[in-house]
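Student: I would like a close look at one part of this chain. Please keep it brisk, and place that part in its setting.

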Amino acid sequence: MRRYGEPRISGKPYRARPGAYAILPRNDQVLLTYQAGIHHEFQLPGGGIDPGESPIHALHREVFEETGWRIAQPRFLGAFRRFVFMPEYDLWAEKICHIYRAFPVRKLAEPLEADHSVHWASLDQAMISLGNPGDRAFLQTLF
């Protein structure tokens, strides 16, 4: 599996953290989430897959929590890994990022996650704004 970002740091106790993330195109734009707080970065909506949860269920749940949008027709595009420190969990993580393309159907609420906000961006804006090179690589393959 391809790795993006920093390599594994020897001696750090990494824990596998699978997650599901969505590229959500609509009218020549893509829906992004901005996470303020400790991260301050634009991201593809999505997040961790809970134990016993399917990636598709996690995708729907996480996108709704971070954006307030319901999505439809998720299609798996691929996966990549990142080695990161997650300060909110005090955890060294090997994030295994499952990327899907889906369609935003309807906004039902404001983001439920604290410090998250929704932003529509052109492809050029998204490519500049996304803080994760893996997210940018998958986004670029669709347009």
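Student: Which residue in β8 stands opposite Tyr34?

Tutor: Ser117 in β8 stands opposite Tyr34. Keep in mind that this is a predicted model. The strand to look at is β3, residues 29-35. β3 and β8 (residues 116-122) run antiparallel, joined by seven bridges.

Now the other partners of β3. β4 covers residues 41-43 and pairs with β3 over three bridges, again in the antiparallel sense. Here Thr33 is the residue to find: Gln43 in β4 stands opposite it. Five residues separate β3 from β4, and the two strands form a hairpin. In that turn, Gly37 has a positive phi of about 70°.

On the other side in sequence comes β2, residues 25-26. β2 and β3 run antiparallel, with two bridges between them. Arg26 has Gln29 in β3 as its bridge partner. This hairpin has two residues between its strands, and one of the residues to inspect is Asn27, with a positive phi near 50°.

How covered is β3? Mostly: of its seven residues, five are buried. As a reminder for reading the side chains, in a regular strand they alternate between the two faces of the sheet.

Next, the setting. An open sheet of four strands is found here, with mixed pairing and the order β5-β1-β7-β6. The edges are β5 (46-48) and β6 (69-86); each has a single partner strand, so one side of each lacks a neighbour in the sheet. On average, neighbouring strands of this sheet are turned by 20° against each other, direction ignored.

Inside that order, β1 (residues 15-23) and β7 (residues 91-107) pair in the parallel sense, over nine bridges. For a landmark, take Gly19: its bridge partner in β7 is Cys97.

Then the helices. α1 (residues 55-67) lies across β1, β5, β6 and β7, and it runs at about 90° to β6. α3 (residues 133-142) packs on the sheet as well, touching β1, β6 and β7. The direction of α3 makes about 145° with that of β6.

Charged contacts come last. The whole structure holds seven salt bridges. One joins the side chains of Arg61 and Asp50, at 3.5 Å from N to O. Arg61 belongs to helix α1 and Asp50 to the loop between β5 and α1, so this pair ties together parts eleven residues apart in sequence. Asp50 is partly exposed, at 40% relative accessibility.

Arg61 also forms a salt bridge with Glu62, where the closest N and O atoms are 3.0 Å apart. Arg61 and Glu62 are both buried. These contacts belong to a network of salt bridges that links Asp50, Glu53, Arg61, Glu62 and Glu65.

A further salt bridge sits between two strands. The side chains of Arg81 and Glu94 meet at 2.3 Å, N to O. Arg81 is in β6 and Glu94 in β7, so to speak a link between distant parts of the chain, 13 residues apart. Glu94 has a relative accessible area of 12%, so it falls under the 20% limit and is buried. Arg81, at 23%, is partly exposed.

Technical notes:
Residues numbered from 1 in each chain as written. Predicted model: local features only at pLDDT ≥ 70, side-chain atom pairs only at ≥ 80, totals over all residues. Heavy atoms only, no water. Pairing = 2+ DSSP bridges. Axes fitted to C-alpha atoms, helices over the stretch in contact; angles between N-to-C directions. Contact = heavy atoms within 4.5 Å. Salt bridge = Lys/Arg side-chain N within 4 Å of Asp/Glu carboxyl O. Buried < 20%, exposed > 50% of the residue type's maximum accessible area, 1.4 Å probe, protein only.
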